[in-house]
Amino acid sequence: MSETTPAPDTRAPAGSEAPTPRKRVNRREQILRTAADVFAAQGFNNTSLADIAAMLGITPAGVLHHFGSKTDLLTAVLELRDDTDPAPEGSRMLDHLVTTAERNATRPGTTQLYAVLSAESATDQHPAQEWFRDRYTVLRREIGDAVLDRLAPEHRAAASTPGPDGHTPAGAAAAAVIAVMDGLQVQWLLDPDAVDMASVTGLVIDALVARLSQEG
């Protein structure tokens, strides 16, 4: 009668854990978030693909494998910020602006990124110039519509009637809100304890709506 050789025990020793498979690294996302950090610290013009690649331990060609150019990378960084902050419609947009200002105080990197790139985009032939121009156009329209929605019906006609300069009071209010929020970001970045971005944003919105409610 022959004996069979017992199969080896492949179970992990008692008290030990089986090894877990390594998580796959999302290189594209790593590049995107690293680029956002470097652009925020140095600006677009002062940053090279080599700077970003060095922080990740890869070559500039490795960055270009995922993003065709430095400009494409910049666009993706800007779109990443918008994707995380979807805006509601109607007068709720005004509340969303206050919430956004409050959230910005908890993410200094993102706030600095926007402040640096928006200012830098005003320079000649900056690749983000069109992106920011279009963004401001959309924001003025959306915030202007939100202001009108918050007004009582009897005040909306006056607030939506263009003046001699061709701009409506609601549109002017929207431009003022954007200017306040952008300016607050710079003040907060320079001295966080001196500025409460959310409360000031809410105060300005309420004052503008109250002012337009006196017309018409």
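These legends accompany four close-up views of a predicted model.

**View 1. Here we visit T47, a residue in a loop.** The loop that holds T47 runs between helix α1 (27–42) and helix α2 (49–56). Is T47 buried or exposed? With a relative accessible area of 2%, T47 is buried, because buried means under 20%. Look next for the side chain of Q42: a polar contact of 3.2 Å links it to the side chain of T47. Which residues touch T47, once its neighbours within four places in sequence are left aside? They are V38, F39, Q42, I52 and K70. Q42 is therefore worth finding twice in this view, since it appears in that list and also makes the polar contact with T47.

**View 2. This view shows how helix α9 and helix α10 pass each other.** Helix α9 covers residues 169–190, and helix α10 covers residues 197–212. Their axes come within 10 Å and cross at roughly 165 degrees. An angle over 145 degrees counts as roughly antiparallel, so this description fits α9 and α10. The crossing of α9 past α10 is right-handed. Which residues meet where the two helices touch? On the α9 side they are P169, A170, A173, A176, V177, V180, M181, L184, Q185 and W188. On the α10 side you will find M197, V200, T201, V204, I205, L208 and L212. Sorted by class, the residues of this contact are 15 nonpolar and two polar, with no charged ones.

**View 3. Now we stay with helix α9 and pick out A172.** How accessible is A172? Its relative accessibility is 45%, so A172 counts as partly exposed. As a partner to look for, try L208, which is one of the α10 residues that meet α9. In sequence, A172 and L208 are 36 residues apart. In space, 9.6 Å separates the two, from C-alpha to C-alpha.

**View 4. Our last stop is S118, a residue of helix α6.** Helix α6 is made up of residues 108–120. Is S118 buried or exposed? S118 has a relative accessible area of 15%, and because the cut-off for buried is under 20%, it counts as buried. Where does the side chain of S118 reach? It comes to the backbone oxygen of Y114, at 2.8 Å. To finish, look for F132 and Y136: S118 touches both, not counting residues up to four places away in sequence.

Terms used. Residues numbered from 1 in each chain as written. Predicted model: local features only at pLDDT ≥ 70, side-chain atom pairs only at ≥ 80, totals over all residues. Heavy atoms only, no water. Helix = DSSP H or I, 4+ residues; strand = E, 2+ residues; numbered from the N terminus. Buried < 20%, exposed > 50% of the residue type's maximum accessible area, 1.4 Å probe, protein only. Polar contact = N/O pair within 3.5 Å; in protein donor to acceptor, adjacent residues only side chain to side chain. Contact = heavy atoms within 4.5 Å. Axes fitted to C-alpha atoms, helices over the stretch in contact; angles between N-to-C directions. Parallel < 35°, antiparallel > 145°, perpendicular 65-115°, else oblique. Left-handed = near helix turned anticlockwise from the far one by under 90°. Nonpolar A, V, L, I, M, F, W, Y, C, P; charged D, E, K, R; others polar.
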